[in-house]
Amino acid sequence: MVLPRAVGPPDAEVPVRQPVLMRAPPAPRPVAALVLVLVSLLVACSSEPTPPPPAPAPTPQAEPTRLVVGVGELTPGFNPHLLAHLGPVTSALSTLVLPSVFRVDAAGTPRLDTTIATSAEVVATVPYTVSYELNLEAAWSTNAPIAAEDFVYLWERMRGEPGVADAAGYRLITEVRSRAGGKAVDVVFAQAYPGWQRLFSDLLPAHILKDAPGSWTGALTGGYPASGGPFRIASVDRARGEVVLARNDLYWDTPAVLDTLALRRLDGAATAAGLASGDVDIALQEADQEIRTSLGGLVPVPRTQLAPEPTVTQLAMRGDTGPLRDPRVRQGVAALVDREAVRAAVAPEALPADAFGLAPSQEGYAPTAPAAAPARPDPVAAAQQLAAAGWTRDLVTGRWDVGGAPARLVLGAAAERPEDQRVAQVVALQLDVAGIDVTVVAPPAVDLFGLPIVPATPPSGSPTPTPTSTPAPTTSPTTSPTAGATPTTGPAVPPGSVQVDLLVLPRTVGGDPGTELASDYGCPQPTAPVPEPPRLPGGFCFPTLQPLLDELVSADPRPGTTAAVERVLWQQLPALPLFQPVTLVISTTDADAGTGIGPGPLTTGPVTGAERWRAPTG
């Protein structure tokens, strides 16, 4: 087969197509590669790193919440069981810091505090036994449990220490037994005692106090060494007059809302200035015209409420020895005292007290005082009583003599209680005008209420006592420091000391009425554990009255027993009731909104429920 041939110009060659070969780029030389690596590294090192995402802004910390309460006076110590330490500040501290098995409600009825005890009940009548099951979580701020040893400590101190309040119920206890590792307690009584729910309030930390010398008074002058409540005592500054409470972070129940609650000592003018500036939110002051005058210029006007205190001020008369051991002398001296004038001069807004049992603010109170002397001043009746007791009166000078010497009395008022000292000065002036020489002394409250012989300390601003037989009317001490003791009937009085014949004495109210009467006017009976029980502050003991007082603390007192006790007391006159002090509760509008403060129950007062208070927002 003949293939056609392409026709072209002569002598032309047909080109032959060669395959195309792709040539790879030349491999980099070693030096060039090194340069590339170094450049890469330099670029990486010189570049700024990528910043991390911004941290979230810190949450602003809330300012600590604080509320300031202005108060009149700080008590010398804070033991709520000692007469010497009674006062609004002690009531506030014990209510917020110390544990109590029962707490009273607004009506004064005891209610079980389940944060301390899950149950408390009478489990046997022979012997009469009360069993307490304690909350397993309840503990002191030292992490020690609130336990049976705290019950034992309080029982032992109340039956054996002088100058305590409401001891009669504790004296009926014969045994305190511990169970369940101290978290259950059996308390055995010598007889049926219906007032048992009032016992074991304001327990104290036995694990700290029981072995401390002078612990009953000395260890509590600077506060409580441990807390068993929603607050703890952070500091006590007596120089500045301030007690600061802080939230107890180890409290096992609902914590307090406030971080701190400060109680600050202020007078009337400083209180008004603090309320006006916002430095003070609430004030608890003695109700008198001075504080009301100081508040008069404030705008807006703060709210004021009256809160009766759980005490009655009385003029105790020493009945065991000295010139007042004869009840006729006590009757005569009392008939020279104008009680209404004393109240008007010292505490005009206080409530006049005309009974030995219930206080004027309590439900069921009724005056039991006679219409005439000794409840009312009566110089004629006084002269008859004193003359019947062997006293004579100089018709020229008008001064009374006894045993051939001028009649002289020593009147004591506690150094730390300014109101008591004012009472003493007014009474001393009244008796001086009536012809009886009087020395006023102001020893420490613990000594005055617990010891028969006390230092002859003059009141604040008074000169040292100097002897004189016919003093001009004066409120300063005017007789020899040892004039109050009758050597043949009283104990030896060391130099610089006195045996007090009259004393301004608080008595507690708001608890079990029968227990209070038996505690204040009964005869402490010797027992095997306490063969020599401490005497009452006034030294009074009337054996004929004791069966009636025993009946009042029994399970079935007769309806007329209390009235019979009142009649005997007005006849024997161990003391002359004067008045029930009243606190003025002052609060700003903002403080009212955050606290709802009011008078509170009688025994715990206006700070009751302060663990729920909120700081003012204004």
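This section describes the overall make-up of a predicted model and then three of its elements in turn: a helix, a strand with its partners, and a small sheet.

The protein comprises 618 residues, of which 51% count as buried. Its secondary structure consists of 16 helices and 24 strands. Contacts across the sequence are mainly long-range: among those between residues at least 6 apart in sequence, 68% join residues at least 24 apart. The exposed surface amounts to about 28,500 Å², and carbon and sulfur atoms supply 58% of this area.

Helix α2, which spans residues 88–97, is mostly covered, with nine of its ten residues buried. The buried set runs from V89 through T90, S91, A92, L93, S94, T95 and L96 to V97. An α-helix has 3.6 residues a turn, so residues three or four places apart point the same way. The buried residues of α2 pack against five strands, namely β1 (66–71), β2 (102–104), β8 (231–237), β9 (242–247) and β10 (260–265).

Burial is also a feature of strand β18 (residues 408–412). Because four of its five residues are buried, β18 is largely enclosed by the rest of the structure. The chain leaves β18, passes through helix α11 (residues 418–433) and reaches β19, forming a β-α-β crossover that is right-handed. Strands β18 and β19 (residues 437–441) are paired in the parallel sense over five bridges, and within this pairing V410 has T439 of β19 as its bridge partner. Strand β18 also runs parallel to β22 (residues 502–508), to which two bridges join it. Here the bridge partner of G412 is L503 in β22.

An antiparallel arrangement is found in another part of the chain. Strands of a sheet pair through backbone hydrogen bonds, either parallel or antiparallel. In the open sheet formed by three strands in the order β15-β16-β17, the pairing is antiparallel. Strands β15 (392–393) and β17 (405–406) stand at the edges, each with a single partner strand, so one side of each is left without a neighbour in the sheet. The pairing of β15 with β16 (residues 400–402) extends over two bridges, and T392 has D401 of β16 as its bridge partner.

Key: Residues numbered from 1 in each chain as written. Predicted model: local features only at pLDDT ≥ 70, side-chain atom pairs only at ≥ 80, totals over all residues. Heavy atoms only, no water. Pairing = 2+ DSSP bridges. Buried < 20%, exposed > 50% of the residue type's maximum accessible area, 1.4 Å probe, protein only. Contact = heavy atoms within 4.5 Å. Areas by Shrake-Rupley, 256 points an atom, 1.4 Å probe, with all protein chains shown as cover. Right-handed = clockwise from strand over helix to strand, strands pointing away.
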